[in-house]
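Here is a short set of notes to help you find your way around this model. Keep the structure open beside you and take the points in order.

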Amino acid sequence: MASPIPDQFAAKNILLIKLRHHGDMLLTTPAINALRQRYPQANIDVLLYKETRPMLEAHPAIRQIHFIDRNWKKQGGWQKFRHEMALISAVRSSHYDVVINLADQWRSAIITGLSGAPVRIGFAFNKRDNAFWRWMHNQLVSTANHNQLHTVEQNMVALQPLGISAEGAKASMHFSLADQQKVQQVLADHAVNAPFIVLQPTSRWQFKCWEDEKVAQLIDALAADGRTVVLTAAPDQKELAMIANIQSLCQTPNVVSLAGQLSLPQLAALIDAAQLFIGVDSAPMHMAAALETPCIALFGPTKLQHWRPWGDNNRVIWAGDYGPLPSPDAIDTKTDQRYLSAIPVEDVLAAARSFLHE
């Protein structure tokens with residue numbers, strides 16, 4: 001561990017690294033927002049996987065996004081090496097004062113180490129307890145209590161060497177005016193008027209999903225209350241098939257599907273305009289929480305402590321309250337089993353009604 005960074009240290013160029021999934025990227029925004037508050041004049045850049053760029057591309061605090069494209073490796077060793085070298089060159093020429101590596105990959109550590117930044121912060125992961133990892137970072141932050149922390153809080157801990165506390169950590173999701181206008185047009189095309197509910201029952205992992213029959217029953221019950229439900233999903237064939245099946249099971253015509261039709265920032269604009277969001281453990285659920293749209297999150301065998309919606313306007317309904325669940329670490333992520341099946345429709349409906357009548 002290095003000596004503390006002096007209070008008068010003024011960062012001019014900051015790079016934050018996180019190489020994970022869409023939801024993980026959204027959960028870095030409290031750290032980005034806290035850095036902006038602490039260093040209002042600084043340039044803040046992010047390094048992420050290319051496909052997750054939509055989660056952060058409209059964030060007003062971010063100057064530039066560097067990315068790693070997972071398709072580089074398909075181009076062959078030499079081309080991949082050239083891409084990596086170009087990335088390292090771009091990072092070095094940005095003259096960062098601070099690099100904050102929130103990732104646990106060797107690749108992120110090497111980029112941190114080669115950045116030339118005088119302050120290079122990383123996590124002291126147990127699996128990376130070696131001289132090379134320590135050499136790449138000159139400030140290592142303990143992960144001893146990560147098990148008790150939400151992912152947002154874990155990210156915020158990395159800012160401790162800069163004297164930034166996790167207090168008041170606030171996530172945010174941003175979209176452009178064009179995204180908002182596109183969503184208004186799509187809603188008008190489907191004759192959807194406010195208020196409406198956004199329901200995203202899909203995940204790329206089946207084990208995180210509720211049964212289609214129960215989703216359909218919930219939609220029918222909400223429609224019977226006079227509510228309009230808008231279904232959303234990623235443009236993935238499995239997810240689109242699931243949405244089509246749910247629609248076929250619905251008795252009500254009062255349901256609209258925009259599944260696969262919106263980009264992530266457009267989906268954010270839709271969720272922002274909604275009266276309520278209902279979904280499973282997924283990036284859109286984190287988006288709803290960040291946008292402060294009332295959110296009902298259905299959870300199965302996921303580490304709730306790490307992944308529950310971050311914010312105040314949320315309600316978690318956990319399958320573990322209705323029956324035994326396997327350990328999150330023991331899940332075969334490719335299974336078709338839906339571990340949310342114990343959650344009754346009535347309880348989700350009651351939670352929805354309580355939000356809608358507030």
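1. Let us start with a pair you can look up right away: Asp-212 and Arg-338 are both buried. Each has a relative accessible area below the 20% cut-off, and therefore earns that label. Please keep in mind that this is a predicted model.

2. What does Asp-212 form with Arg-338? The two form a salt bridge, and their closest N and O atoms are 2.6 Å apart. This pair connects distant parts of the chain, since 126 residues separate the partners. Asp-212 belongs to helix α8 (residues 212–224), while Arg-338 sits in the loop between β12 (314–318) and α13 (345–356).

3. That bridge belongs to a wider set, as the structure holds 14 salt bridges. In general, side chains of opposite charge can pair when their charged atoms come close. Another example joins the side chains of Lys-50 and Asp-69, at 3.8 Å from N to O. Here too distant parts of the chain are linked, with the partners 19 residues apart. Lys-50 is in the loop between β2 (43–49) and β3 (62–68), and Asp-69 is in the loop between β3 and α3 (77–93). Lys-50 is partly exposed, at 35% relative accessible area, whereas Asp-69 is buried, at 13%.

4. Arg-20 and Asp-24 are worth a look as well: their side chains meet in a salt bridge of 3.3 Å, N to O. Is each partner buried or exposed? Arg-20 counts as partly exposed, with 37% relative accessibility, and Asp-24 is buried, with a relative accessible area of 6%. You will also find a network of salt bridges linking Lys-80, Glu-84 and Arg-107.

5. Now turn to the nonpolar interior. The largest nonpolar core has 73 residues, and Leu-35, Ile-100, Leu-162 and Leu-270 have the most contacts inside it. Helix α11 (residues 283–291) gives the most to this core, contributing six residues. To see the surroundings of one of these residues, select Leu-270: leaving aside residues up to four places away in sequence, Leu-270 touches several others, including Val-183, Phe-196, Val-230 and Leu-258. A second, separate core has 35 residues, among them Ala-233, Val-280, Leu-298 and Ala-352.

6. The second largest pocket has a volume of about 190 Å³. Which classes of residue make up its lining? There are five nonpolar, three polar and three charged residues. Lining residues include Lys-170, Glu-292, Trp-310 and Asp-312. Asp-312 is located in the loop between α12 (304–307) and β12, and is exposed, with a relative accessible area of 84%. Asp-312 and Glu-292 are 20 residues apart in sequence, with their C-alpha atoms 7.9 Å apart in space.

7. Finally, some backbone details to check by eye. Most residues other than glycine have a negative phi, and most peptide bonds are trans. In this model, the peptide bond from Ala-194 to Pro-195 is cis, with omega near -5°. Pro-195 lies in the loop between α7 (177–189) and β7 (196–200). Ala-191 is also found in the loop between α7 and β7, and has a positive phi, near 55°. His-95, in the loop between α3 and β4 (98–101), has a positive phi too, near 50°. His-95 counts as exposed at 59% relative accessibility, and Ala-191 counts as exposed at 62%.

Technical notes. Residues numbered from 1 in each chain as written. Predicted model: local features only at pLDDT ≥ 70, side-chain atom pairs only at ≥ 80, totals over all residues. Heavy atoms only, no water. Core = buried A, V, L, I, M, F, W, Y, C linked by side-chain atoms within 4.5 Å. Buried < 20%, exposed > 50% of the residue type's maximum accessible area, 1.4 Å probe, protein only. Helix = DSSP H or I, 4+ residues; strand = E, 2+ residues; numbered from the N terminus. Contact = heavy atoms within 4.5 Å. Salt bridge = Lys/Arg side-chain N within 4 Å of Asp/Glu carboxyl O. 1 Å grid on protein atoms, 1.4 Å probe; cavity = no way out; pocket = protein on both sides within 12 Å on 5 of 7 lines; lining within 4 Å. Points joined across faces, edges and corners; volume = space filled by probe spheres on them. Nonpolar A, V, L, I, M, F, W, Y, C, P; charged D, E, K, R; others polar.
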